[in-house]
Amino acid sequence: MNQLDALKQFTTVVADTGDFQQIAQFQPQDATTNPSLILRAVQQPQYAPLLRETVERFRGRALDELTDRLLVRFGCEILRLIPGRVSTEVDARLAFDEDATYTRAERLIELYEAAGISPLRVLIKIAATWEGIRAARRLQGRGINCNLTLLFSLDQAAACAQAGVQLISPFVGRIYDWHKQRAGSQWDEAANAGAADPGVQSVRRIFNYYKRHGISTEIMGASFRNAGQIRALAGCDLLTISPALLAELAASDAPLERALNAADAATMEIERLTYTEDDGNAFRWALNEDAMASEKLGEGIRIFAADARRLDALLQAA
């Protein structure tokens, strides 16, 4: 049994890509996309026609509508190849606007429904800002399932759980990047690998917190830099993995064992964090006190917003 097949015994494997032609060979349950992945895909010759067809069919519509239609087009193609769900992201430029996030999420679901896709097969990705979490609470109340992304802290995870979101995506690799950059020449790669990786440790804390307190929100580790991070999180509810790392796991026959177990968390002493609907200031202060989480959240929003602007330019030029 290769490591990818072994991982599937403990964890739901998700493909993290906009390149849907690569998906089928790995047989993932779900798939995730983001603005950067879609931007990368439409610049490849095999996917450029999807962008042109979308613009030609809906020429004259608002630019934000064209973007959403393109995202849904990719999502529909992906859903032909997987049995589960696809995650489609709301424009990161709306990360601090609760009402606009809610409205765009509604439209994405409406576009999927118009294409014959059940809302149960779609997760709406939203940045885990306070405004994003509040929008997700409202969407979940309507039966629209959400994936809260750009998540770097237990405080974000606790607030998402209290909002009743379906799934969170804690970012392993970007946490690793922050600590490595901060350490500079003092960074010891071997000492910070596997279970000692700071990104892995962050997801483990969230996993243990959720399982200790009986929280049903799914945890999907994301943003991996190496296969060792993935192996160290075997047993997490879901892991979303790039095609390159999926291929690396599939090529290895080395043993892979469960690293996370809900039963182990049951007896842990872990304080319950509470962020009610009116606790925005407390949430923002807790996030501010976590330099890594606040810096990486802001940086992630900026990166996704920049790629959204590049995608806008391609749509306008088509």
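Let's start in the middle of this predicted model, with its largest nonpolar core. That core holds 101 residues, and those that touch the most other members are Leu 148, Ile 168, Tyr 210 and Ile 241. Among the elements of the fold, H4 gives the most to this core, namely eight residues. As a general background, nonpolar side chains in soluble globular proteins tend to be buried together.

Ile 168 is a good place to look around from. Leaving aside residues up to four places away in sequence, Ile 168 touches Asn 147, Leu 148, Leu 151, Ala 157 and Cys 160, and its contacts also include Ile 206, Tyr 210 and Thr 217. Glu 218, Ile 219 and Met 220 are on the list of its contacts too. A second core, of five residues, lies apart from the largest one, and its members include Val 14, Leu 123, Met 220 and Leu 238.

Now follow the strands. E6, residues 167-170, pairs with E7 in the parallel sense over two bridges, and Leu 167 has Glu 218 as its bridge partner in E7. E7 is also joined by two bridges to E8 (residues 238-241), and these two strands run parallel. Here Met 220 stands opposite Leu 238, and both of these residues belong to the five-residue core.

Which way do the residues of E7 point? In a regular strand, the side chains alternate between the two faces of the sheet. In strand E7, Glu 218 and Met 220 point one way while Ile 219 and Gly 221 point the other way, and all of them are buried.

Next come the rings, with a count of eight aromatic pairs. One of them is Phe 20 with Tyr 47, an edge-to-face pair with 4.8 Å centre to centre and 65° between the planes. Phe 20 lies in the loop between strands E1 and E2 and Tyr 47 in the loop between helices H2 and H3, so their pair ties together parts that are 27 residues apart in sequence. Phe 20 is buried because its relative accessible area is 10%, and Tyr 47 counts as buried at 0%. Tyr 47 also pairs with Phe 74, this time tilted, at 5.8 Å centre to centre and 50° between the planes. That pair links the loop between H2 and H3 to helix H4, where Phe 74 sits. Phe 74 is buried, as is Tyr 47, and ring pairs link Phe 20, Tyr 47 and Phe 74 into a cluster.

Finally, two arginines meet rings. Arg 69 lies over the face of Phe 58, 3.9 Å from the ring centre, and the charged end of Arg 138 sits over the ring of Tyr 102, at 4.1 Å from its centre.

Key: Residues numbered from 1 in each chain as written. Predicted model: local features only at pLDDT ≥ 70, side-chain atom pairs only at ≥ 80, totals over all residues. Heavy atoms only, no water. Phe/Tyr/Trp six-rings, centres within 6.5 Å; stacked < 30°, edge-to-face > 60°. Helix = DSSP H or I, 4+ residues; strand = E, 2+ residues; numbered from the N terminus. Buried < 20%, exposed > 50% of the residue type's maximum accessible area, 1.4 Å probe, protein only. Lys NZ or Arg CZ within 6 Å of the ring centre and 35° of its normal. Core = buried A, V, L, I, M, F, W, Y, C linked by side-chain atoms within 4.5 Å. Contact = heavy atoms within 4.5 Å. Pairing = 2+ DSSP bridges.
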